[in-house]
Amino acid sequence: MEFDVVGIGNLNYDIIMLIERFPEFHEKVNAEEAFFGLGGAAANTISWLAHFGLRTGYIGAVGRDEIGEAHLSYFRRIGVDTGGIRVVDATSGVAIAMIRGEDKRIVKYPGANLLKDIDFDYLSRARHVHLSSNPMDTIEKVVEFASERGITVSLDIGEAPLSREIEEKVDYLMMNEDEYRRKFGSLDLSLSGAKNLVVTLNGGGALVRDASGNVHEIRGLSAEVVDSTGAGDSFDAGVIYGVLIGWGLDDAARLGMLLAYLTVQQVGARSAVMPLEDVIAAAGEVGLNLPFGRN
């Protein structure tokens, strides 16, 4: 099988609790709402793309435990190939989040995620690769490999350092506003050497710069945030889907904005994941004119 997109990243079990206040030392508090479910940044993105009908695969690692089995069965159920996922003798990754309004505090245990191994034969079957939450050496090896073989790369870099040489080989660099300001000192999109750049903005929307140097500000949707977990991953999915079917980066980012808008209104990174026809309907409901069916 050839893949439209292969994701590379962590596979976690998310425990999310919405609380009125954070506990004091030695204190227990009851959560107002709780969510338990599968997570991992690149895996959240791939979940959307599989629902949209793209041929997807994944490279990661899980433990020989119930969480590992749940990841594999979920991916198989939605059509994500699991041939790149190692099953190892370690505990599967876990992420625990306590959320009070805009204040989110997370504890992660990477576990099996530290043992993922890049299968380059598997990766060579991809048209596009998406990286999120990976160590620097993995990013460098994958970007070099993909660049040499004409495989396009999207990279949600987070706080990871990135050399200028590698950055210039990244087709779509994705960061949020705070990460970009910390790395470059301002929101000047010309400071990044990536071919295309997507910077998501606080409060919704994004600034994008395409390979020709055109800059667009994407605005228009802003939701009351219930839980922001996975919103950036959803945004990435919209961008990747849009560019892979031939849209301009501005329209792709508008689709990303819509998916993030849908995500933040529910608890859990994948609670809003839906088939493409439902996303098309949601775009119509919010008056977002996207070129579905005009490719």
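Which residue stands opposite Val198 in β12? I looked this up before anything else, in what is a predicted model. The residue is Val208.

**Entry: β11, β12 and β13**

I started from the pairing around that position. Strand β11 covers residues 196-200, and four bridges tie it to β12 in the antiparallel sense. The two strands make a hairpin with five residues between them. I checked the turn and found Gly203 there with a positive phi of about 90°.

I then went to the partner on the other side, β13, which spans residues 215-218. The pairing of β12 with β13 is antiparallel and also runs over four bridges. Leu207 has Glu217 as its bridge partner in β13. This pair of strands is again a hairpin with five residues between the strands, and Gly213 takes a positive phi near 90°.

Next I asked which side chains of β12 are buried on each side. The strand runs over residues 206-209, with Ala206 and Val208 buried on one side. Leu207 and Arg209 are buried on the other, so I noted both faces as covered, buried meaning under 20% relative accessible area.

**Entry: β2 and its neighbours**

I looked at β2, residues 12-18, for comparison of its two faces. In a regular strand the side chains alternate between the two faces of the sheet. Along β2 I found this alternation: Asn12, Asp14, Ile16 and Leu18 point to one face and are buried. Tyr13, Ile15 and Met17 point to the other face and are not buried.

How many bridges join β2 to β3, and in which sense do the strands run? I read seven bridges, with the strands antiparallel; β3 takes in residues 33-39. Within this pairing, Ile15 stands opposite Phe36.

β2 is also joined to β6, residues 93-100, by seven bridges, and here the strands run parallel. Val94 in β6 is the bridge partner of Tyr13.

**Entry: second largest pocket**

I looked up the space in the second largest pocket and noted about 340 Å³. The pocket is lined by 17 residues, and the closest to its centre are Asn10, Asn113, Leu114, Lys116 and Pro135. I sorted the lining residues into seven nonpolar, five polar and five charged.

Which element gives the most to this lining? It is α4, with three residues. Both α4 (136-149) and β7 (103-109) supply at least two residues each.

**Entry: salt bridges**

My count of salt bridges came to 14. I went through some of them by residue.

In one of them the side chains of Arg149 and Glu148 meet, at 3.3 Å from N to O. I looked up the accessibility of both partners. Arg149 is partly exposed at 46% relative accessibility, while Glu148 is exposed with a relative accessible area of 61%.

Helix α8 runs over residues 249-263. In this helix I looked at Arg254, which forms a salt bridge with Asp250, the closest N and O atoms being 3.6 Å apart. Arg254 and Asp250 are four residues apart in the helix, so about one helical turn separates them. Arg254 also meets Asp251 in a salt bridge, at 3.2 Å from N to O. Asp251 and Arg254 are three residues apart in α8, which again means a separation of about one helical turn. Arg254 counts as partly exposed, with 24% relative accessibility.

Elsewhere I noted a network: Asp4, Arg55 and Arg127 are joined by salt bridges that share partners.

**Entry: Met257**

I stayed with α8 and looked up Met257, which is found in this helix. Is Met257 buried or exposed? Its relative accessible area is 2%, so I entered Met257 as buried. I also took its distance to Ala237: the two are 20 residues apart in sequence, and their C-alpha atoms lie 9.9 Å apart in space.

**Entry: record check**

Last, I turned to the UniProt record. This unreviewed entry places the feature "domain: Carbohydrate kinase PfkB" at residues 4-272. Over residues 4-272 I read the chain as 31% helix and 30% strand. The end C-alpha atoms of that stretch are 22 Å apart.

Methods: Residues are numbered from 1 along each chain as its sequence is written. This is a predicted model: local features need pLDDT of at least 70, side-chain atom pairs count only at pLDDT 80 or more; totals for chains, interfaces and linings use all residues. Side-chain values use heavy atoms; hydrogens and water are left out. Buried means under 20% relative accessible area, exposed over 50%, partly exposed in between (1.4 Å probe, protein chains only). Two strands pair if DSSP finds at least two bridges between them. On a 1 Å grid over the protein atoms alone, a cavity is a set of points where a 1.4 Å probe fits but cannot get out, and a pocket is an open set with protein on both sides within 12 Å along at least five of seven lines; lining residues have an atom within 4 Å of a point. Grid points are joined across faces, edges and corners, and a volume is the space filled by probe spheres set on the points. Ala, Val, Leu, Ile, Met, Phe, Trp, Tyr, Cys and Pro count as nonpolar, Asp, Glu, Lys and Arg as charged, and the others, Gly among them, as polar. UniProt positions are given in the numbering used here, feature names are shortened, and annotations may be inferred rather than shown by experiment. A salt bridge is a side-chain nitrogen of Lys or Arg within 4 Å of a carboxyl oxygen of Asp or Glu.
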